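This report walks through the fold of one protein chain, from its central sheet to its core and a few unusual backbone positions. Please keep the sequence and the structure in view while reading.

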Amino acid sequence: MRQRGWPITPFAILFEEGERGKSHASIGRYPPRFDRKIGGGCSSKLISGGGVVLFFSPHQDDELLALGAYAQHVISKGADAHVVLCSDGTKSCVRQILGDAHSCDKHDGLHDYRLDEAAFSDARDREYLASCQAIGYRPSRIHFAPRRAVDGSLSREEASAIIQRYLDVFPGAEVCTISPLVGESQHRDHRHLGEAAVELWRKGRIRRLNLFVEPYCLEAFRSENPDVELSHVAADGFKKAGLTSAVSQYCFWDPGVGRYAIGYHSVTGEFDAFMKEPASYWHTADGRM
Ligand SMILES: [Zn+2]
């Protein structure tokens with residue numbers, strides 16, 4: 001059964017043929033692999049940093065829920081935006097939910113889809129790829145970090161290596177990732193990614209660093225950092241429709257084509273809230289950090 005209420009725009013054509021390396025054989029050949037030549041196809045002007053914005057997402061769906069409205073905004077202004085997924089997303093409890101032979105309140109029938117971790121990660125990657133395109137990223141700008149971390153174990157060192165790999169290709173790029181200042185309740189992968197970016201900014205490796213607060217962490221952030229002003233951008237009109245389409249990719253249920261609405265099973269309330277008010281919130285790295 002289709003997810004109630006969501007417009008469905010499957011990008012099934014992207015996943016029909018080809019192979020993209022060992023862990024992604026079932027996904028298809030898009031986007032092209034960038035582990036050898038990250039900047040393939042970019043002009044020298046862009047490689048020098050003019051207009052390049054790099055978005056680093058800890059897991060599938062953070063690039064939408066935390067970074068998506070801002071990404072859509074800069075893409076609409078003509079930025080050359082790249083998004084990099086930094087972990088494999090294998091440890092979500094949704095893998096058990098899909099295979100436990102129980103029903104769920106979102107779909108008819110019993111869920112009896114026993115995916116191993118690789119197949120589960122591939123399914124999450126399909127959601128990420130399709131959703132990023134709905135945000136407005138060109139397919140060639142949607143990346144999987146080479147040697148991305150196992151979900152839940154993204155260290156500062158791994159995060160730093162990933163960010164630096166892309167900065168080597170796009171020195172001077174604006175960098176966007178998750179703020180590490182939410183406090184104890186924040187997911188460790190999120191905090192490590194933010195801390196790695198701040199460290200690189202302190203060392204002068206990052207020219208401009210925007211640190212995004214997950215919408216569901218705004219209260220915790222504000223209580224931890226009462227003096228830090230947040231900027232925000234909200235989407236309305238056709239931009240809201242674009243983000244609605246991006247959300248629908250995480251809600252798309254069609255097990256026959258390897259689509260299991262993993263994002264929506266995982267953080268239903270967060271997606272519902274984002275749909276009502278799609279927005280990104282961020283602060284800039286500055287002297288206080
Ligand atoms: Zn379900």
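In what order do the strands of the open sheet lie? In this predicted model, the sheet has 7 strands in the order E5-E2-E1-E6-E7-E11-E8, and their pairing is mixed. Strand E5 (142-149) and strand E8 (231-234) are the edge strands, each pairing on one side only. From one strand to the next, the twist averages 25 degrees.

**Confidence**

The average pLDDT of the protein is 85, and 83% of the residues score at least 70. Over residues 1-50, however, pLDDT stays under 50, although the model has 85 contacts beyond four places in sequence for this stretch. Where pLDDT is low, the predicted coordinates should not be read in detail.

**Strand pairing and the helices on the sheet**

Strand E1 (residues 52-57) and strand E6 (residues 174-178) run parallel and are joined by 3 bridges, with Val53 standing opposite Glu174 in E6. E6 also pairs with E7 in the parallel sense, over 5 bridges, and here Cys176 stands opposite Asn210 in E7. The pairing of E7 with E11, by contrast, is antiparallel over 4 bridges, and Leu211 has His283 in E11 as its bridge partner.

Helix H7 (residues 188-202) lies across E1, E2, E6 and E7, and runs at about 150 degrees to E6. Together, E6, H7 and E7 make a right-handed β-α-β unit. Is E7 itself largely enclosed or open? Because 5 of its 6 residues are buried, E7 is largely enclosed by the rest of the structure.

In H3, the buried residues include Gly68, Ala69, Tyr70, Ala71 and Gln72.

**The nonpolar core**

The largest nonpolar core has 73 residues, of which Leu54, Phe55, Val84, Cys86, Ala197 and Phe212 touch the most other members. Helix H5 (residues 117-135) contributes the largest share of this core, with 8 residues. In soluble globular proteins, nonpolar side chains tend to be buried together. Val84 illustrates the surroundings of one such core member: leaving aside its neighbours within four places in sequence, Val84 is in contact with Leu54, Phe55, Phe56, Ser57, His143, Ala145, Ile162 and Tyr166.

**Positions with positive phi**

Which residue with a positive phi follows H3? That residue is Gly78, with a phi near 100 degrees, in the loop between helix H3 (68-76) and strand E2 (80-87). Its C-alpha atom is separated by 9.5 Å from that of Val52, 26 residues apart along the chain. Most residues other than glycine have a negative phi, and most peptide bonds are trans. Ala101 nevertheless has a positive phi although it is not a glycine, and Arg147 likewise has a positive phi without being a glycine. Ala101 is placed in the loop between helix H4 (94-99) and strand E3 (102-103), whereas Arg147 is in strand E5.

| Residue | Phi | C-beta neighbours within 10 Å |
|---|---|---|
| Gly78 | near 100 degrees | 8 neighbours |
| Ala101 | about 60 degrees | 10 neighbours |
| Arg147 | about 50 degrees | 10 neighbours |

Why does Gly78 count as exposed? A residue is exposed if 12 or fewer other C-beta atoms lie within 10 Å of its own, and Gly78 counts as exposed because it has 8 such neighbours. Ala101 counts as exposed because it has 10 C-beta neighbours inside 10 Å, and Arg147 is exposed with 10 other C-beta atoms within 10 Å.

Conventions:
Residues numbered from 1 in each chain as written. Predicted model: local features only at pLDDT ≥ 70, side-chain atom pairs only at ≥ 80, totals over all residues. Core = buried A, V, L, I, M, F, W, Y, C linked by C-beta atoms within 7 Å. Buried ≥ 20, exposed ≤ 12 C-beta atoms within 10 Å, placed from the backbone. Helix = DSSP H or I, 4+ residues; strand = E, 2+ residues; numbered from the N terminus. Contact = placed C-beta atoms within 7 Å. Pairing = 2+ DSSP bridges. Axes fitted to C-alpha atoms, helices over the stretch in contact; angles between N-to-C directions. Right-handed = clockwise from strand over helix to strand, strands pointing away. pLDDT = per-residue confidence, 0-100.
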